[in-house]
Amino acid sequence: MRIKQFIFIFLTSILVLSNYAFQVRQPQGQEYNLKAAFLYRFLDYVEWNNNSSWNNTTEDPLRIAILGESGLYGPLMEISRDKKAGTRTIRVRQINSVSEIGSSQVIFVSRNYKYGIDAVLNRMLDKPALIISEQKGDVEKGSHINFLIADNKLKFEVNLKTAARSGIKIGSQLLQHATLIKK
Amino acid sequence: MIGLRDFSIKNKLVLMQVLTCVLVLGLCFAAFVITDINGYKGRKVASTISFAQVIGSNSISAIQFLDNEAAEKTLFDLQEVETDVVNASIVDSRGKIFAAYTRPNQTTHVFKPPFRNRHWFDDQYLYVYKNIVDQQGQIFGTVCLQVELSQLEAIKKQKFEIAFVLLFVGIALAFLIAYLNQRYISAPILNLVNVMKQIRENSDYSRHVDVIGKDEISILSSEFNNLMDEVANSHRKKDEFIGIASHELKTPLTSVKLYLDALSKMKHEPLVHTFILKSKDGVKKLHNLILDLLDVSKIESGQLQLNHKDLSIDDLIDECIQDAQMNIVNHTILREGTKCDKIIHGDRDRLEQVLINLLSNAAKYSPNGTSIAVKTVTSDNDITVSVTDSGIGIAGSEHKKIFGRFYRAKDSNSVISGFGLGLYICSQIIKRHKGKIGVDSQEGKGSTFYFTLPLNGEQKLS
Ligand SMILES: Nc1ncnc2c1ncn2[C@@H]1O[C@H](COP(=O)(O)OP(=O)(O)OP(=O)(O)O)[C@@H](O)[C@H]1O
Ligand SMILES: [Mg+2]
């Protein structure tokens, strides 16, 4: 039991350390600044069309939920403070469980969320929320938009099929910059 | 150097009109070409700005998502539409090049800040900067274009060609119109000059210039006509005076002559006799002079009556030589060549007067002791009688003038007396006989005076 505990602590510390090391190597602040800027701009090219209460033109705030710990929170909060999505104010929330999603229109699944994209997809099944993720392979699983880094640049892929199923229309202007479009 | 004054009025008018035309056309074309080029530039600026606008709005999302390839593709695709683009760049909001395009085989142009909306021209290119702005008015970057002014040269060339052709046509037309126009000005002047010349040559002061219209030339012409009327008038008065005077002089002189004739036939002391002969001589000269003056006044007033009869030329000449020889003592008059056996129709006394005149001139203007030759030459239609002496001769420039009234050649003026009427009367008589009179002579080499009479209905004497 002690040994087991020790090994666990050892492994996690290595994991944390290596994670830390990884974070140091990648200019993570820069990465999440960009992701926040991209995410904010996605809002211009995305339409929620199956329910009028979700529509961009309403006076209700647009709610963004960040699932799991993420460097995105800070930069996104900053954007939400002085910018709007169309006429709507933006409200950003950090949550730790899918049960807290509520009526958020945008869900960002952090790579630190331990249950991964599947849990979110199961929960949200065809509900009108834009699901954005940042792990390789997530778009194949059904994430609507997935960030990836290639050639030292931030890129993204789009799954039109699942997005359409959720009643989300992604504008062609956005699609033209996607590295991969799943239909 | 030819001064403007050396040009005729006709050429001046044409020149003036052509110059005016060139000036006006030139100014018009300069204005046209300038507005055309400016118009083209303006249109080019407008189209390039809207083209930059299209590029800008098409690349907003590319800038947003940092997609250089998409932006470059946009640039590449659009330059195919607007082929004049040489260099195009999209610069982001911090002034860094985000995407760039350079037409193949052209040098890359680096666009310099400031990146705000502006445009300017250099020698060959138009440069346009256009900010990329979204609906909220946020500036994402700038589209920078370098555009070739490909049609400018073509437009210039075309305009200059048109200008050249039209200028040519304009000048040709101006020349034509000026040429047609000048006739209204220079032609009447030349006509006036012609009439003046004829009047001077023929002393025919009754000739008038046609007066057409009411312009300055017409005024000049009509004033000229008035002047000529005045001249003709004073000539007529002079002729009238000569006529009256010679007539009034002739009557008393005739009686003086008769009395002297009678006196000379009486017996006198030798001295008195010589005096009487001298007086007779002077009176005879005076009488001849008055007869000449009378003839002239008859000719002038058209009252010279001719008494036409058939007469033998040979007889006429023989008789004249006999008569003349009586008065001409210092020269021998010879009939040369063969006789002609011709009969002509004419006034015997008047023709005798002509021949005597020519003979007396020949004697008067040649040294004593020389001989004078009279000759006839016949042709099919006429007969020519000539009188040749070996006297002082006449300069070529005076040949025409000596047949004029009161004209005497310069050399003869002082030495030899005379009125200058003999040849004038001769020429008028021959003219009335439809003949011609003339002279062949050189200064110092003698003279040959001749007259030609027509042989109409001629018969040969058997
Ligand atoms: N045979 C000649 N040789 C040289 N000169 C001549 C001859 N005949 C005429 N002339 C020139 O022509 C002029 C005109 O001749 P014209 O007979 O008309 O006048 P004139 O002899 O001078 O005077 P007049 O009235 O007495 O005859 C003369 O003055 C003379 O100069
Ligand atoms: Mg004479």
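# A walk through chain B and its partner

Start by selecting Lys73(B) and Asp77(B): both sit in helix 2 of chain B, four residues apart, about one turn of the helix. Bear in mind as you go that this is a predicted model. Show the two side chains and you'll see them meet in a salt bridge, with 3.1 Å from N to O. Now switch on a surface. Lys73(B) is exposed, at a relative accessible area of 52%, while Asp77(B) is partly exposed, at 34%.

**Next stop: Asp92 and Arg94 in chain B**

Select Asp92(B) and Arg94(B), which form another salt bridge, their closest N and O atoms being 3.5 Å apart. Which of these partners is buried? Asp92(B) is, with a relative accessible area of 13%; that counts as buried because the cut-off is under 20%. Arg94(B), on the other hand, is exposed, with a value of 66%.

**Then on to Glu148 and Arg103**

Keep to chain B and pick Glu148(B) and Arg103(B). Here the salt bridge has its closest N and O atoms 3.2 Å apart. What does this pair tie together? Glu148(B) lies in strand 5 (residues 139–148) of chain B and Arg103(B) in the loop between strand 2 (97–102) and strand 3 (118–121), so the salt bridge links parts that are 45 residues apart in sequence. Glu148(B) is partly exposed, at 23% relative accessible area, whereas Arg103(B) is buried, at 17%.

**Over to the strands**

Switch to cartoon and select residues 371–378 of chain B, which make up strand 9. Strand 9 has strand 7 (residues 332–335) as a parallel partner, the two pairing over four bridges. To find your place between them, label Ile333(B), which stands opposite Ile372(B) in strand 9 of chain B.

Now add strand 10 (residues 382–388) of chain B: strand 9 pairs with it in the antiparallel sense, over six bridges. A good pair to label here is Ala373(B) and its bridge partner Thr388(B), which is in strand 10. Follow the backbone from strand 9 to strand 10 and you pass through a hairpin, where three residues make the connection.

**Where the chains meet**

Bring chain A into view and colour the two chains separately. How many residues of chain B are in contact with chain A? There are 13, and they touch 13 residues of chain A. Between them the two chains bury about 1,100 Å², 48% of it on carbon and sulfur atoms. Don't go hunting for salt bridges between chain B and chain A, as the count there is zero. Look for polar contacts instead: seven residue pairs make them across this interface, both residues being at pLDDT 80 or more.

Hide chain A again and select helix 1 (9–64) and helix 2 (68–81) of chain B, each of which supplies at least two residues to the side that touches chain A. Helix 1 gives the most, with six residues. Colour that side of chain B by residue type and you should get six nonpolar, five polar and two charged.

**Last stop: a network in chain A**

Finish by selecting Glu31(A), Lys35(A), Arg111(A) and Glu134(A), which are linked in a network of salt bridges. Side chains of opposite charge can pair when their charged atoms come close. If you'd like to keep exploring, a search of the whole structure finds 21 salt bridges over all chains.

Conventions:
Residues are numbered from 1 along each chain as its sequence is written. Chains are lettered from A and ligands numbered from 1 in the order in which they are written. This is a predicted model: local features need pLDDT of at least 70, side-chain atom pairs count only at pLDDT 80 or more; totals for chains, interfaces and linings use all residues. Side-chain values use heavy atoms; hydrogens and water are left out. Contact means heavy atoms within 4.5 Å. Buried area is the accessible area (1.4 Å probe) that two parts lose on being put together, summed over both. A salt bridge is a side-chain nitrogen of Lys or Arg within 4 Å of a carboxyl oxygen of Asp or Glu. A polar contact is a pair of N or O atoms within 3.5 Å; within protein, one must be able to donate a hydrogen and the other to accept it, and residues adjacent in sequence count only if both atoms are side-chain atoms. Ala, Val, Leu, Ile, Met, Phe, Trp, Tyr, Cys and Pro count as nonpolar, Asp, Glu, Lys and Arg as charged, and the others, Gly among them, as polar. Two strands pair if DSSP finds at least two bridges between them. Buried means under 20% relative accessible area, exposed over 50%, partly exposed in between (1.4 Å probe, protein chains only).
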